[in-house]
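This report describes selected features of the structure shown below, beginning with a helix and continuing with the sheets.

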Amino acid sequence: MDFIKNQLDGYGMSEQTIGYLSNMIMVVFIAVISMLANFIAKKIVLKTIIHIVNNNRYTWDNIIVEKKVFHKLSHLVPAIIIYFSASIFPAYQVLIEKAAATYMIIVTISVLNALLNAFDDIYRSFEVSKIRPIKGYIQVVKIVLFIIGGIVVISNLIGQNPLIILSGLGALSAVLMLVFKDSILGLVAGVQLSSNDMVRVGDWIEMPKYHADGDVIDITLNTVKVMNFDKTITMIPSYALISDSFKNWRGMQVSGGRRIKRSFYVDTSSICFCTKEMIEEFQKIHYDYVTTRVNEINAYNIEHQINTESKVNGRQLTNVGVFREYIHQYLRNHPKIHKDMTLIVRQLAPGDNGLPLEIYAFSNDTNWGVYESIQADIFDHIFAVAPTFGLRAFQNPTGHDIVHLKESPEYSRGY
């Protein structure tokens with residue numbers, strides 16, 4: 001600075017003019033040095049770092065580059081130069097140092113924020129992230145980071161110790177608790193959800209209170225984002241998953257079997273004892289249940305000397321009993337039914353809709369589309385095969401039935 005003033009003295013200028021010119025020259029010189037340093041940092045150093053990152057065998061450092069951590073870090077170079085050049089301008093030294101320091105603090109916060117985002121993306125690349133998501137914790141760290149950064153910026157601008165500002169915040173604790181109520185509740189809920197492994201990204205959950213029925217696509221500090229099967233998005237407060245009940249279908253998906261629980265309603269007027277003709281027809285069925293059962297019943301009746309001329313006496317086969325066992329054997333041999341899980345074909349209490357034959361089984365494919373196809377194929381077969389056993393499916397009269405009744409000869413004769 002003195003060297004420039006001595007050079008300008010030779011031109012016969014006033015002291016004030018020389019001061020202005022020397023300051024302008026130094027400002028331009030510092031600006032040029034800063035731009036040159038910024039150019040070297042971005043065009044040489046940064047490109048060298050990116051080249052090294054792209055040509056090594058690690059993938060996590062590519063994420064750091066994608067989040068522009070090094071790009072943001074390069075902004076510190078000109079700020080550092082300006083900060084240490086402030087002493088050249090004694091009248092504005094304090095102001096320049098505060099401005100440069102504030103800028104460096106903001107850039108540092110931005111770098112740390114980008115680094116946290118990169119860390120979250122790196123963690124998500126591992127399978128453990130689905131079991132133990134950390135996005136909520138990272139958001140808490142970000143809140144703390146921004147609060148501390150804001151306090152440091154303010155303390156730098158007013159020239160006070162940050163601890164003084166922190167001590168003043170103690171009086172505002174009640175206000176802070178109110179402002180960050182959801183975040184605090186979300187943090188507590190996030191810890192419980194993670195430690196108890198209650199929900200993961202990718203889980204199918206059902207929560208009727210919030211009209212949520214779909215897959216969890218994101219878990220944050222305050223909310224759990226669910227994509228419903230109609231492609232709408234439901235946002236559920238994290239703490240609601242702790243305070244309210246919800247259904248998680250992960251157990252079904254992990255088990256490899258999805259439950260089929262549906263009934264075939266038999267018209268009770270079609271239930272009867274099996275005749276010899278019916279038994280002969282049933283014995284043609286691939287499953288040999290009928291032959292074994294007939295031999296067992298005949299042996300019992302002979303042993304107990306039962307008169308079988310009347311169907312009421314002794315033990316007899318019924319068409320609904322044979323049909324029930326046929327369904328059971330059919331499901332046991334079905335390639336899409338899980339053989340290691342519960343398989344029951346049972347009668348429920350008869351009612352206004354006939355006699356329910358309930359199928360309780362598990363498919364060996366949990367995919368929704370495949371599961372529905374398996375279930376439909378099974379009941380297609382049951383409805384089609386029921387008449388072979390002399391059974392009718394129960395159905396309330398429809399308009400077609402009434403029209404058909406009116407057209408029948410019995411109706412026209414007044415029967």
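In this predicted model, Leu36 belongs to helix α2, which spans residues 15–54. Leu36 is partly exposed, its relative accessible area being 45%. Together with Phe39, Ile40, Ile44 and Val45, Leu36 forms a nonpolar surface patch with about 440 Å² of accessible area.

An open sheet of 5 strands follows the order β4-β3-β2-β1-β5, with antiparallel pairing. Its edges are β4 (233–237) and β5 (247–248); each has a single partner strand, so one side of each is left without a neighbour in the sheet. Strand β1 (residues 204–207) runs antiparallel to β5 and is joined to β5 by 2 bridges. Within this part of the sheet, Ile205 stands opposite Asn248 of β5.

Another open sheet comprises 3 strands in the order β6-β8-β7, and the pairing is again antiparallel. Here β6 (258–266) and β7 (344–347) occupy the edges; because each has a single partner strand, one side of each lacks a neighbour in the sheet. From one strand to the next, the twist averages 15°. Between β6 and strand β8 (residues 355–363) there are 9 bridges, in the antiparallel sense. Phe264 has Leu357 in β8 as its bridge partner.

Two helices pack on this sheet, as listed below.

| Helix | Residues | Strands touched | Angle between directions |
|---|---|---|---|
| α16 | 319–332 | β6, β7 and β8 | about 10° with β8 |
| α17 | 368–385 | β6 and β8 | about 25° with β6 |

Thus β7 is among the strands touched by helix α16, while the contacts given for helix α17 are with β6 and β8.

Methods
Residues are numbered from 1 along each chain as its sequence is written. This is a predicted model: local features need pLDDT of at least 70, side-chain atom pairs count only at pLDDT 80 or more; totals for chains, interfaces and linings use all residues. Side-chain values use heavy atoms; hydrogens and water are left out. Patches are made of residues with over 30% relative accessible area and no salt bridge: like charges are joined within 9 Å, nonpolar side chains (Val, Leu, Ile, Met, Phe, Trp, Tyr) within 5 Å. Accessible areas come from the Shrake-Rupley method with a 1.4 Å probe; for residues, only the protein chains shown count as cover. A salt bridge is a side-chain nitrogen of Lys or Arg within 4 Å of a carboxyl oxygen of Asp or Glu. Helices (H or I, at least four residues) and strands (E, at least two) are DSSP runs, numbered from the N terminus. Buried means under 20% relative accessible area, exposed over 50%, partly exposed in between (1.4 Å probe, protein chains only). Two strands pair if DSSP finds at least two bridges between them. Axes are lines fitted to C-alpha atoms, for helices over the stretch in contact, and angles run from 0 to 180 degrees between N-to-C directions. Contact means heavy atoms within 4.5 Å.
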